[in-house]
Amino acid sequence: MSVRNAGREEWIRWYYSVEGRDRRAVFIPTVHIRRNKGSEASIRAALGEKRLKLDFPPEAVRFSGKKEGIRIGNCFFSSKGIVVRLEAWMNGRLVPVMGRLVFSGRRPCCKARGFLDIGGERLSFQEGRACVEKEWGKRLPSWDFRCWCGWAGREENSLSVHVAEGRPGGGRLRCSALLRLDGSVYRLNTGRGARILRFDGRQVLIAQSGLRLHVKTTYGGLWCRFWKRNKLILEYIGTGSVSFASGNM
């Protein structure tokens, strides 16, 4: 992606969801390069029960390391970690939000450590889990749905699911899912022939060849089943994260 090519419409977005014990934080930094209109940047965040969205001018955006790192204002985002230094209006007052999170292990589901300070209150993620994903394209979808979870078995297991519009306003859905289960890796996505059999914003059923994945959101967690050649090989009920985000800047 090239920010210098103003004749094209491009976008790049990171998605970070971090959990540690009874705390959760989500950051979604987005840069949208509009045709002949310059760039727009935003940072969306969910910090516990608090929600915020901050907009930034084009000059506040800097890429580094072949687009593997992105700086928006005083914040930095990459696959290895994030640094947050910003101020946001919360409950009628301007609150500083600062912190640093470091990720290790294989994406999208990996381990996290670090902290966030929100108006003087510290959220620690010293033994946390995270979902870290990067996307880019020419047309920003108007919405996307994500869910993920991780748990310990014979090995570290994790599941990440993403559903979004295939084309903005087109009605066609695209999906991707990655399941790591006791050393085996299963990938389901639209490019491999995956089909969405059911999706209503709370549950998704995906089929691909002899694989079938059904995920439902529950209060505070997820319920999921996974079949391989009509044999149920996973049933998980436990904690997990779910988000539904608009792509509009």
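**Close-up views of a predicted model**

**View 1. Aromatic pairs, starting with Tyr16 and Phe103.** Six aromatic pairs turn up in this structure, which is a predicted model. A pair of aromatic rings is described by the distance of the centres and the angle of the planes. For Tyr16 and Phe103 those values are 5.7 Å centre to centre and 20 degrees between the planes, so the pair counts as stacked, the cut-off being under 30 degrees. Tyr16 belongs to strand β1 (residues 10-20) and Phe103 to strand β9 (residues 93-104), so this pair ties together parts that sit 87 residues apart in sequence. Both Tyr16 and Phe103 are buried. Look around the pair and you'll find one aromatic cluster made up of Trp14, Tyr16, Phe77 and Phe103.

**View 2. Phe145 against Phe199, an edge-to-face pair.** The rings of Phe145 and Phe199 are 5.4 Å apart, centre to centre, with 65 degrees between their planes, which makes the pair edge-to-face. Distant parts of the chain are linked here: Phe145 is in strand β13 (residues 143-152) and Phe199 in strand β17 (residues 195-199), 54 residues apart. How accessible is Phe145, buried or exposed? Phe145 is buried, at 1% relative accessibility. Phe199, at 23% relative accessibility, counts as partly exposed.

**View 3. Phe103 again, this time as part of the largest nonpolar core.** This core has 38 residues, and the ones touching the most other members are Phe27, Leu47, Phe77 and Phe103. Strand β8 (residues 81-90) gives the largest share of the core, five residues. Leaving out residues up to four places away in sequence, Phe103 touches Tyr16 and Val18, then Ser78, Ser79, Lys80, Gly81 and Ile82, then Cys110, Lys111 and Ala112, and finally Ala130 and Val132. Another core lies apart from the one just described; it has 25 residues, including Ala177, Tyr186, Leu211 and Val215.

**View 4. Cysteines without disulfides.** How many disulfides does the structure hold? The count is zero. Why is there no bond at Cys147? The closest cysteine sulfur, in Cys149, is 7.4 Å from the sulfur of Cys147, and that is too far for a bond. Cys224 is in no disulfide either: its nearest cysteine sulfur, that of Cys149, is 4.8 Å away, whereas a disulfide would need the sulfurs within 2.5 Å. Cys147 is buried, at 1% relative accessibility, and Cys224 is buried too, at 0%.

**View 5. Arg146 and Glu133, with Tyr15 alongside.** The charged end of Arg146 sits over the ring of Tyr15, 4.5 Å from the ring centre. The side chain of Arg146 also makes a polar contact with the side chain of Glu133, at 2.7 Å. Glu133 is a residue of strand β12 (residues 128-137). Because its relative accessibility is 15%, Glu133 counts as buried. Not counting residues up to four places away in sequence, Glu133 touches Arg13, Trp14, Tyr15, Arg107, Pro108, Arg146 and Ser160. Tyr15 thus appears twice in this view: under the charged end of Arg146 and among the residues that Glu133 touches.

**View 6. Arg212 over Trp227.** Here's another arginine placed over an aromatic ring: Arg212 lies over the face of Trp227, 4.2 Å from the ring centre.

**View 7. Arg24 and the loop at Gly48.** Arg24 is part of strand β2 (residues 23-34). With a relative accessibility of 24%, Arg24 is partly exposed. Which side chain makes a polar contact with the side chain of Arg24? That of Ser241 does, at 3.1 Å. A polar atom of the Arg24 side chain is also 3.3 Å from the backbone oxygen of Val242. Both Ser241 and Val242 are in the list of residues touched by Arg24, which also includes Tyr15, Ser17, Leu47, Gly48, Phe125 and Ser243. Gly48 itself is in the loop between β3 (38-47) and β4 (50-56), and is partly exposed, with a relative accessible area of 40%. The C-alpha atoms of Arg24 and Gly48 are separated by 5.6 Å, although these residues are 24 apart along the chain. For Ala25 and Gly48, 23 residues apart along the chain, the C-alpha separation is 6.2 Å.

Technical notes: Residues are numbered from 1 along each chain as its sequence is written. This is a predicted model: local features need pLDDT of at least 70, side-chain atom pairs count only at pLDDT 80 or more; totals for chains, interfaces and linings use all residues. Side-chain values use heavy atoms; hydrogens and water are left out. Buried means under 20% relative accessible area, exposed over 50%, partly exposed in between (1.4 Å probe, protein chains only). Rings of Phe, Tyr and Trp (its six-membered ring) pair if their centres lie within 6.5 Å; planes under 30 degrees apart count as stacked, over 60 as edge-to-face and the rest as tilted. Helices (H or I, at least four residues) and strands (E, at least two) are DSSP runs, numbered from the N terminus. A charge sits over a ring if NZ of Lys or CZ of Arg is within 6 Å of the ring centre and within 35 degrees of the ring normal. A nonpolar core is a set of buried Ala, Val, Leu, Ile, Met, Phe, Trp, Tyr and Cys residues joined through side-chain atoms within 4.5 Å. Contact means heavy atoms within 4.5 Å. A polar contact is a pair of N or O atoms within 3.5 Å; within protein, one must be able to donate a hydrogen and the other to accept it, and residues adjacent in sequence count only if both atoms are side-chain atoms.
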